[in-house]
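Grab a pencil and keep your viewer open. Below are a few short exercises, each with a worked solution.

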Amino acid sequence: MTTHGRILLVEDDEDFGRSLALILKHKGFLPQWTASGEQALDVLAGKCFDVVITDMLMPGMNGLEFLRKFREIHGADTPVVMITGYGSVNEAVEAMKAGAFGYFLKPVNQDEICLTLEKAMEMGRLKNENLLLREEIKDCKGDLFVGASPRIRHLFEEAASLAQSDVNILITGESGSGKEVLARFIHDHSGRAARPFLAINCQAYALSLIESELFGYRGGSFTGAKAKGKAGKIESAAGGTLFLDEIGDLDPSIQVKLLRVLETRTIEPIGGSAAVPVNFRLICATNQDLPERIKIKLFRDDLYYRINTVRLQVPPLRERAEDIPALAMHFLARFSAEQKKGILRLSKAAEKRLLNHDWPGNIRELKNAMEAAVALAKNDKIDVGELRIEGAINQDCLSSQNFAQARQDFERSFFQSHFEACGGHITEMARRTGVDRKQLYKKLYEYGIVVKELQDEKGE
C-alpha cells in the first residue's frame, strides 16, 4: 500500500469527487478534494502535492485549461492525471501533449488509477533522489564533450540548441563514439529533464521480445504474460525521452508499428483493444548506413524520414586526436577517485602512445584503457607499461615521427602484446617472437613492461 502520497483531486461532481477521495484514502493516499480548477490553483498556491488528478469537463476552467495554467505556474515537476466521462482519442492526445501523466475514463478502475498514482509518485521520488546529483553535473557536458576540437564544440552547440525543441533526432557514428551520451545530454538540457530517459538497444532483443518491450502488453495476452500486464518503454517514457539505439537493426514488422506510433501518438499494447495516448520525445542512433539498408529493403524509407528530422554526426576519436590528452586526464581523475588512489599523471611516453593509437573502439576504448591503467598503477605516474592497448599504431601519427621514435613505439607495442598473449611466460614468448630470452628481458625492462626481475620457471 502506498504511504502518505499527497493527492489533489479536482472534480466538479461532488458525489464522484468525495467517493474517489474516500477510495484513495482507503488505499493509503492523502487526498484533498476541490470542486473547480480555480479553487485548485488557490490551494496549490499554499501547498505542495505529489500528484494532481483533474476532471476534463468542468464549468469555468476545464481540465486542459487548468493543466496548462498549472504547468505555467508550477512547472513540470508534479504529475497530473486526467479523468473524463466523455473521452475521445483526440482529447486524450491533447491531454498528453499538454503534459498529462495519465488519462482515465469514468467510471475509473480503482486498481488502475492507484497503480498510475504509484508510478507517478515513484517517478517523483527518483527525481528527488537525483536532484543533488543533477545540480552537481548540470554544467557538465559529459565524456563526449571533453576537449576543445572545433567539431566537438560545434556538436555541443547544435545539441544544446536542439534540446529546446521536441524534434526527432537521428544520431549517427561509430560504436563507442558517444551517441547515447549525446542523447542523454539533449534530454538533460530539455524541458523533459524531470521525466524519464529510457534507452533500449534494438539489437539486443529477439523479435519475440522487442515488441512487448516497446509497446507493452495486457494481462493474459500470451503464454507467460504477467497477470497485471506490463507497460512498454514507449508508454513508460511518459513525458520524457525514448532513446532507440541501433535503430537500423529493428525488425521491419516493428518498424511499421513504430511509424504508426509517431503518426498517431498512440500505442496499442499486445492484447489491448484500445489505443493508449503517449507523450515522448524520440531520439534514435545507429552506426549503420540507413539509406543503404533502405535500398536492400531492411529499413523503411517512411520511418527513416520520420526519425531523421535532424541528424547529428558524432566524430570518431581518431578524427579529434587533439582531444585525446584531455579525455585521458578526465578519465584518469575519475578512476583515481573511484579507486581511492592519489593524483595520477601520464608520462610523456604514455601520452605519445595514446596519441599514436587508432582507437577503433573510440571513447569507450579509451575509457576502459584508463580504468585499467589506474588499477595497474604502482606510483603516481602512468607509464606505457600500464597501458593495455591492442592493435597497430596509427600510421598517420607515425608519419610525423623520426625513425628512432617510430621504432621505439613499434617495439614497445610488439613486446607488450606478446608478453600479455603469453601470460608472461618468457620461454613461450621467445619461441613466438624469435628473440632470445636475454634480449627479451632487456626489452621488457626498457619499456617498463616488467618492473622487477623475472625468475626463470623450472622446466621452461
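**Exercise 1. Getting your bearings**

How many helices and how many strands does the secondary structure of the chain come to?

*Solution.* Before counting, note that this is a predicted model, where local features need pLDDT of at least 70, side-chain atom pairs count only at pLDDT 80 or more, and totals for chains, interfaces and linings use all residues. Residues are numbered from 1 along each chain as its sequence is written, and side-chain values use heavy atoms, with hydrogens and water left out.

Step 1: helices (H or I, at least four residues) and strands (E, at least two) are DSSP runs, numbered from the N terminus. The tally is 20 helices and 16 strands.

Step 2: check the burial. Of the 460 residues in the chain, 47% are buried, where buried means under 20% relative accessible area, exposed over 50%, and partly exposed in between (1.4 Å probe, protein chains only).

**Exercise 2. An open sheet**

Work out the strand order of the open sheet of five strands, and find its edges.

*Solution.* Step 1: the order is S2-S1-S3-S4-S5, with parallel pairing; two strands pair if DSSP finds at least two bridges between them.

Step 2: S2 (29-34) and S5 (102-105) each have a single partner strand, so one side of each is left without a neighbour in the sheet. From one strand to the next, the twist averages 20 degrees. For angles, axes are lines fitted to C-alpha atoms, for helices over the stretch in contact, and values run from 0 to 180 degrees between N-to-C directions.

Step 3: zoom in on one edge. S4 (residues 80-84) pairs with S5 over four bridges, and Ile83 stands opposite Phe104 in S5.

Step 4: add the helices. H1 (residues 14-26) lies across S1, S2, S3 and S4, at about 170 degrees to S2. H3 (residues 63-74) lies across S1, S3 and S4, at about 170 degrees to S4.

**Exercise 3. Around strand S10**

Are the residues of S10 buried or exposed?

*Solution.* Step 1: five of its five residues are buried. Thr241, Phe243 and Asp245 are on one side, with Leu242 and Leu244 on the other.

Step 2: look at the neighbours. S7 and S10 run parallel, joined by five bridges, and Phe197 has Thr241 as its bridge partner. S10 also pairs with S13 in the parallel sense, over four bridges; here Leu244 stands opposite Cys284.

**Exercise 4. Aromatic pairs**

How many aromatic pairs does a search of the whole structure find?

*Solution.* Step 1: the search gives five. Rings of Phe, Tyr and Trp (its six-membered ring) pair if their centres lie within 6.5 Å; planes under 30 degrees apart count as stacked, over 60 as edge-to-face and the rest as tilted.

Step 2: Phe197 and Phe243 are stacked, at 6.0 Å centre to centre and 25 degrees between the planes. This pair links distant parts of the chain, with Phe197 in S7 and Phe243 in S10, 46 residues apart.

Step 3: the ring centres of Tyr304 and Tyr305 are 5.4 Å apart with planes at 65 degrees, so this pair is edge-to-face. Tyr304 is buried, with a relative accessible area of 12%, whereas Tyr305 is exposed, at 59%.

Key: Contact means heavy atoms within 4.5 Å.
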